[in-house]
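The following paragraphs lead through a single-chain model, from its core to one polar residue. Please keep the sequence and the structure in view while reading.

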Amino acid sequence: MSKNKKFAIRVIEKRAGWTAEITRQVTSRKTVVSKREAGFETEELAQAWAENELLGFVKNQAERNERKGQQRVERNERQERQEREAAERHAAYLKARSEARDEEDEEFDDYED
């Protein structure tokens, strides 16, 4: 049995046989069935199917988390680069504006003499 907090296995006996369900804990109070298979002849077959499917669920979740983590790193690096470039452009603009004002002041000083 898996030690996963997010997913669990539930095996239920019904009229037509055993049903295996993989459930997912959405919130502390809400649980939904992620996958269900019915018609197993024995509880052991249902349990084996559910454990096999649960391994797939956990593997997919780990791959997805890795992929999303890499995307988050790339997105953060891109945002930091854009912010740095914007700050550099702003600093260059302020420097150019300051130099232009200094030149205007020098021209104005020439007229006062």
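A residue is called buried when its relative accessible area is under 20%, exposed when it is over 50%, and partly exposed in between (1.4 Å probe, protein chains only). By this criterion E21 is buried, with a relative accessible area of 4%.

The model is predicted: local features need pLDDT (the predictor's confidence in each residue, from 0 to 100) of at least 70, side-chain atom pairs count only at pLDDT 80 or more, and totals for chains, interfaces and linings use all residues. Residues are numbered from 1 along each chain as its sequence is written, and side-chain values use heavy atoms, with hydrogens and water left out. The mean pLDDT of the chain is 88, and 91% of its residues reach 70 or more.

E21 lies in strand β2, residues 17–25; strands (E, at least two residues) and helices (H or I, at least four) are DSSP runs numbered from the N terminus. The side chain of E21 makes a polar contact of 2.8 Å with that of R36. Such a contact is a pair of N or O atoms within 3.5 Å; within protein, one must be able to donate a hydrogen and the other to accept it, and residues adjacent in sequence count only if both atoms are side-chain atoms.

The largest nonpolar core (buried Ala, Val, Leu, Ile, Met, Phe, Trp, Tyr and Cys residues joined through side-chain atoms within 4.5 Å) has 10 residues, including W18, A20, F40 and W49. Helix α1 gives the most to this core, with 4 residues.
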